Structures are given as structure tokens and as C-alpha cells.
Amino acid sequence: MRLKNSYFFTLRENAKDEDSQSSNLLVRAGMIKKSSTGVYMILPMGLKVFNKIKSIIQEEMEAIHCQELLMPSLIPEEVYVASGRREGFGSDMFSLKDRKNQNYVLGPTHEELFATAAKLKIRSYKDMPFSIYQIQTKFRDEPRPRYGLIRVREFQMKDAYSFDANEAGMDSSYNKQFQAYKNIFDRLGLNYVVVKADTGVMGGLLSEEFQALSPVGEDTLALNEDGSYAANLEVATCLPEDFNSTEEKKTMIKVATVGQHSIEDVANFFHIDPKRTVKTLCYEADDQLVVVLVRGDREVNESKVQKALRCFSLELASSEKVEDLFHCPFGSLGPIGLKATILADEEIKLLRNFVVGANEDGYHYCDVNPSDFEVSQYGDFRQIQEGDRCPSGQGFIHFEKGIEVGNTFKLGTKYSKAMDLQYSNANNQLEYVWMGCYGIGPARAMAALVEQNYDENGINWPKNLAPYRCSITIISMKDDQQIQVANDLYDQLRKAGIDVLLDDRDERPGVKFKDMDLIGIPTQITVGKNVVDGQVEIKERGHMKQSISIDSVLDYLTQKS
């Protein structure tokens, strides 16, 4: 591309309304522009990068015989009602009515329609396996869009679906897609880890996330030192700590503790380790109140609780509701004699002689044991902490932040049952189809790449993803020889299939050099006064310039590719 008379611009100053390095640099590089909160234009220079990411995805999908199609974005709301997901999406789903007052939504994801499409083909077990995918716009009314392309309301997603006759077939298809995803992210050059994750509103049997490591990532990842364990914080398994289970049990005593409400207050009052206290929290789970118990130095993992209860929503109950129901403030709540559904973390089983609230303001029970109250369900309900023993038995847990760039699901028969997707088996009996689902956010991957690859001068794209493989910068637009050499080089490189950018603008050299660094051109060729000696300058992004002969430029680029 020739820059003169093209749609190209850059910004010298930082973008005022962007909150991440990637969004700031992509805006400054003229690659994206916010049109409204959480909605972005992808401009020509940015679209070049986006399409290269998209091409890698398409190539890897083609390699596993996954066919591309395109689904509509405007979908009758009844489709999501039929699958039971309309309530789960709630206000995250954009909804509207047509002129006939029929309810429609803008598709946040397309499992239901892919199941419908599969019904057109599947009659018998002989019609499977197969897989299909699309790269298409999704819409989600994010309550807090941020970090540019990382958390948006309108975005492109590649979503694929596999269809099999049984669980073993689904597992095989899943493994093929999983390897294709590893190939994609390896080719993109992302520094990523694969973690176990919550199936969330998607449901199903298994979810794994491809997380690009970055300080701005919204997900917290629990990892161990040797990489043998990786999980999203929401689902990270916790090993119960046996703190004092060998102690001889004592008799429970009620003690006046006026003004002592927090775990820290209570532990200081009794002169004990916070591990000897139990935290009692009350939640609203859909239309019921439930109580969750964890050790005083732990935090409740609400995702685990929500999954155990199989509820759509889970929120801490207000202090007013707690006082109205249990006649005591939050800080005095405890499990003794409490008439409620009580979920307790497994560590509570191992505690002896601990302190809990007495359900009366200004009082606590000490020397309490698990046999002193009734628990509806024990389970892993706590949040893993840094320094905890790794569930794999190898080392200890540390946290890192990640940007979710891909997600794979074993859906099982969840959507085939909802959409009545069945087939005739070898005995001519009807069975439900087994499905897998696989998603990638190309624009989010683009942002993650910038977060991992930038310096003080701008973006440092991998060579295979940069908007152009190389640039040719003309120092003086008044020098006919420089112009001729630059144009000849430009034509030669284009004929050789090299994606090249010719900066033929009438700008100062410093402006041109800064722009090439900002947009992340890997190899920059400068055509200046030394063309009289048959030489040009060439520079790899972030390295010193060197002089080479004009005739060797093509060989140089071919060797560096």
C-alpha cells in the first residue's frame, strides 16, 4: 500500500478515554476507534491484523475438516426460552421487538441455532461425526465494558460446534479442536496457559480456557510452579487444611462479646488465630436464603456455591434481610440452632473448638465443634489462596492474571435435549446427539498480543501478524532518485508476494520513522541519500540500522521471514 492519499493516520498523544496499553496503542496507531461505550470501529490498518488472525483460524479449522458457515445475529427470543437460557442471560442480552411486536434478541452465542442446523442433516448415527463453525458478530450488554477490545458489547467471535453419536466420539472431536486451538495460539505467538474453568451459562460437562497472560487480564489464574496445574480462580480445587482436628473436643460456651463483629475483632478478643473462627455468610440464591460457612481466614467462592445450588443468581443478602429473618446483625450470625439451608466448606469438618456468632448481638460461642450444629451439605466452597498446597500434589499455588482468548466446552447432550436433536442408532432407537463447543475472540486475541508485545515506541507485532511485513520510507520526496528506487523496490517486493508499505508522504523523516514504530512494522527500509552508492538502510524493529545493497533487499527479507 502507498500511504499517500490513503486512509492512514496516527496520534502523537495518548488516547484520553482508553484504560489499557492495548487500547491506547491501537487507537494511537489508527487501528481502532471507539464509537460508543464498548463498541469499536476496526479501521483499515487494524483490519489487516484482524484478517491475518482470522486467516490462521480458518486454516486450522480447514485442517480438521471443520466447515465454515454464517448464522444470523437477529434471533427470535423463543429460541433461547426453549433451551432454558433466556433467564440465565438476563439483561446481558440485547432484546427488541419487530413491527409485529414479536420478541427478538441480538445473538450473544449460537448453540441453539447450530443445533437447529444440525437437525437438517442428522437422521442416523451414520451422519456423524462432523463439525461446523462461523466467525460472526456477537452482542452482549456488558455492565462494565473496559480495556478496549478486551471487554466490549459488540465483538467478532469464532464459534465452532462438533456433533457425535456418543461420548467417546465427542471426546475425540474435542481433542481435535483442542489441538487446533493450541496450533492457532502458537502461530499467533501468544504467551498463554490452558486452565480448567466454570461452564457458566453455557453448561455442559467440561470447560477449558486459553488464557493469555497479562497484568490487565480480568481472570485470576491459579497455577503451580511446574505448570502441572492450572485453573481459573472460580473452579480451582482447594485441599482442606487439617489445622487442629486432633484436639480433644471441649464443651461449647456462650460469651459476651460486645462490639466485636469482624473476624479480626473476634480473634483478638479471644486471643486466638483467625483459623479458629468460622465465618457465616447469608446469600440470596434465586428465591431462597442460604447460609455458607468457611473458616475465618478464608473467602467464599461464590461460583462453587452457585454451581452446588444450581441457581441462576447468587448475591449476598442485605443486612436488613438478615436482621429481619434471623433477628441479629450480620456480624453475629452463626450456625448454632439456625433454621436455614447451611452449606459448609470441607475444612469445617476438620476444625475443633472454634468460635462462631451466637445469632444475638454482642455474643459469640467458643469451643464449638461440627457436631454442635446441622449442615445441609459439605463441599469445596472456598476460594483458593496463594501459598495453598497445589491440588495436583506438586508444589504450591501462585496467581497470575489472564485474558481469556479461547474457550472449549464439552456440552454433552444439554442442547440436543433442549432442541430435540436426535438420531437413530444401529438398533433403530432414538438417542440424543453429543455436542462440543469451541470459541475464539479474534479481536480480543489482537488486544492480548499488543498487551504482550509493545515498547515505548509502539506495538511490536509478530512478523506474521503485522499489518505489513516491511515498510519503505522515502527520506526526501524532492529527490527523484530516491523516489525511483523506492518505487522499484516496492514493485519488486510486491511481485515476490511480500506485504509491503510505501511511505511516500510529504512528511519529515522523524514523523515517518515514529509512525512505522508505532504501528509495529517489523522490518523498516529507509531510502535516503546513500542510494547514489546503491545502498539503503534496513532496521529490524527494536534494533540498530544497517546498510545493505539495494539488490540484496529481497534476499534479506526472504531469509528473515
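This section describes the overall organisation, one pocket and several individual residues of a predicted model.

The protein comprises 561 residues, of which 51% count as buried, and its C-alpha trace spans about 95 × 65 × 50 Å along the principal axes. Its secondary structure consists of 15 helices and 31 strands. Among the contacts with a separation of 6 or more, 68% are made by residues 24 or more positions apart along the chain. The protein is divided into domain 1 (47-71 + 108-237 + 399-451), domain 2 (253-383) and domain 3 (470-560), and the centres of domain 2 and domain 3, taken over C-alpha atoms, are separated by 68 Å.

The second largest pocket has a volume of about 320 Å³. Of the 21 residues that line this pocket, Glu234, Val235, Thr237, Lys304 and Lys307 are the closest to its centre. Two or more lining residues are given by each of strand S10 (206-213), helix H8 (302-309) and strand S20 (377-379), and the largest share, four residues, comes from H8. In terms of residue character, the lining of the second largest pocket divides into nine nonpolar, six polar and six charged residues. Both domain 1 and domain 2 take part in the lining of this pocket, with at least three residues drawn from each.

Strand S10 also holds glutamate 208. With a relative accessible area of 11%, glutamate 208 falls under the 20% limit and therefore counts as buried. The side chain of glutamate 208 is joined to that of tyrosine 174 by a polar contact of 2.6 Å. When neighbours within four places in sequence are left aside, the residues in contact with glutamate 208 are Tyr174, Phe178, Val194, Val195, Lys196, Gly406, Asn407 and Thr408.

Arginine 140 is placed in the loop between strand S7 (130-139) and strand S8 (154-164), and at 24% relative accessibility this arginine is partly exposed. A polar atom of the side chain of arginine 140 lies 2.8 Å from the backbone oxygen of proline 108; the C-alpha atoms of these two residues, which are 32 residues apart along the chain, are separated by 5.5 Å. Apart from residues up to four places away in sequence, arginine 140 touches Asp92, Phe94, Pro108, Thr109, Val152, Arg153, Phe155 and Met157. In the loop between helix H5 (111-119) and S7 lies proline 129, which is joined to methionine 128 by a cis peptide bond with omega at about 5 degrees.

Further backbone features concern residues with positive phi. Asparagine 5, in the segment before helix H1 (21-28), has a positive phi near 65 degrees although this residue is not a glycine, and at 77% relative accessibility asparagine 5 is exposed. Histidine 327, likewise not a glycine, has a positive phi of about 60 degrees; this histidine is found in the loop between helix H9 (319-326) and strand S17 (341-345) and is exposed, its relative accessible area being 66%. A positive phi of about 85 degrees is also taken by glycine 520, just after helix H14. Within H14 itself (residues 509-519), the buried residues include Val511, Lys512, Asp515, Met516, Asp517, Leu518 and Ile519.

Definitions and conventions:
Residues are numbered from 1 along each chain as its sequence is written. This is a predicted model: local features need pLDDT of at least 70, side-chain atom pairs count only at pLDDT 80 or more; totals for chains, interfaces and linings use all residues. Side-chain values use heavy atoms; hydrogens and water are left out. On a 1 Å grid over the protein atoms alone, a cavity is a set of points where a 1.4 Å probe fits but cannot get out, and a pocket is an open set with protein on both sides within 12 Å along at least five of seven lines; lining residues have an atom within 4 Å of a point. Grid points are joined across faces, edges and corners, and a volume is the space filled by probe spheres set on the points. Ala, Val, Leu, Ile, Met, Phe, Trp, Tyr, Cys and Pro count as nonpolar, Asp, Glu, Lys and Arg as charged, and the others, Gly among them, as polar. Domain bounds come from an automatic or database domain assignment. Buried means under 20% relative accessible area, exposed over 50%, partly exposed in between (1.4 Å probe, protein chains only). Contact means heavy atoms within 4.5 Å. A polar contact is a pair of N or O atoms within 3.5 Å; within protein, one must be able to donate a hydrogen and the other to accept it, and residues adjacent in sequence count only if both atoms are side-chain atoms.
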